[in-house]
Amino acid sequence: MDYKTEDNVQEAFSGESRANRRYMVYAEKAEKEGYPQVAKLFRAVAEAEMVHIRNHLNVIDAIGSTKDNLLAASIGEKDEFTSMYPIFIEIAQKEKNDRAERSFDWANRVEKVHYTYFDAAYKDMREGKQPAEATYYVCQVCGNTVRDNVPDKCPICGVPTKAFKKVD
Ligand SMILES: [Fe+2]
Ligand SMILES: [Fe+2]
């Protein structure tokens, strides 16, 4: 007999993950439109979806040690900029979908940065070292993720410093 529950847990994890992120974006929109109560509702439900996500991941033992998780994260980021986004960009170009092309291109370039950070942290841990202390800032336009020093202008999308948000 084929067991389907593991696939179902994966599917539930994907669906909840999408809902969680979508609700956070909806909350930002509600704030902008002047509905703080609706924003709060979206954030509350997103928080609950996060609980479901964690539970589902635990069911399939998908959360490893931090060292393992850094390796998994670096592999995932690398996969995005080596196989996924390059193909998506090519297709968007062929279909002349400039908005999609730009969105993919920004993500593609930022995933390389993410890979570098994860890979370095993984290597530190593999050598038994605690990764160095750092402050991270994220460009709210393209997602570029910088350490310690915010550039005058985002090197990926060109927006000024104020578009970078510090991560706590
Ligand atoms: Fe990434
Ligand atoms: Fe940027």
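Which residues of helix 4 are buried? They are Phe104, Val110, Glu111, His114, Tyr115, Phe118, Ala121 and Tyr122. Here a residue is buried if 20 or more other C-beta atoms lie within 10 Å of its own, exposed if 12 or fewer, and partly exposed in between, with C-beta atoms placed from the backbone.

The model is predicted: local features need pLDDT of at least 70, side-chain atom pairs count only at pLDDT 80 or more, and totals for chains, interfaces and linings use all residues. Residues are numbered from 1 along each chain as its sequence is written, while chains are lettered from A and ligands numbered from 1 in the order in which they are written.

## Overall architecture

The protein chain contains four helices and three strands, arranged along the sequence as α-α-α-α-β-β-β. Helices (H or I, at least four residues) and strands (E, at least two) are DSSP runs, numbered from the N terminus. The C-alpha trace spans about 55 × 50 × 40 Å along its principal axes. Of the 168 residues, 16% count as buried. Two residues are in contact if their C-beta atoms, placed from the backbone, lie within 7 Å. Among contacts between residues at least 6 apart in sequence, 53% join residues at least 24 apart.

## The helices

The expected span of a helix is 1.5 Å times one less than its number of residues. The table sets this value beside the distance between the end C-alpha atoms.

| Helix | Number of residues | Expected span | End-to-end distance |
|---|---|---|---|
| Helix 1 | 28 residues | 40 Å | 40 Å |
| Helix 2 | 24 residues | 34 Å | 35 Å |
| Helix 4 | 29 residues | 42 Å | 41 Å |

In helix 1, the buried residues are Glu16, Tyr23 and Ala27, and what covers them includes helix 2. In helix 2, Ala39, Phe42, Glu49 and His56 are buried, and their cover includes helix 1. An α-helix has 3.6 residues a turn, so residues three or four places apart point the same way.

Residues with a positive phi follow these helices. Gly34, just after helix 1, has a phi of about 85°; Asp61, just after helix 2, has one of about 50°; and Gly128, which follows helix 4, has one near 80°.

The buried residues of helix 4 are covered by parts that include helix 3 (66-94) and strand 2 (145-147). The axes of helix 3 and helix 4 come within 8 Å and cross at roughly 160°. Axes are lines fitted to C-alpha atoms, for helices over the stretch in contact, and angles run from 0 to 180 degrees between N-to-C directions. Helix 3 and helix 4 are therefore roughly antiparallel to each other, a term for angles over 145 degrees.

Gly76 belongs to helix 3. Gly76 is partly exposed, because 14 other C-beta atoms lie within 10 Å. Gly76 and Phe13 are 63 residues apart in sequence and 17 Å apart in space, C-alpha to C-alpha.

## The sheet

Three strands form an open, antiparallel sheet in the order 2-1-3. Strand 2 and strand 3 (164-166) stand at the edges with a single partner strand each, so one side of each has no neighbour in the sheet. Neighbouring strands are turned by 30° against each other on average, direction ignored. Two strands pair if DSSP finds at least two bridges between them. Strand 1 (residues 136-139) is joined to strand 3 by three bridges, and Cys139 stands opposite Phe164 in strand 3.

Methods
Parallel < 35°, antiparallel > 145°, perpendicular 65-115°, else oblique.
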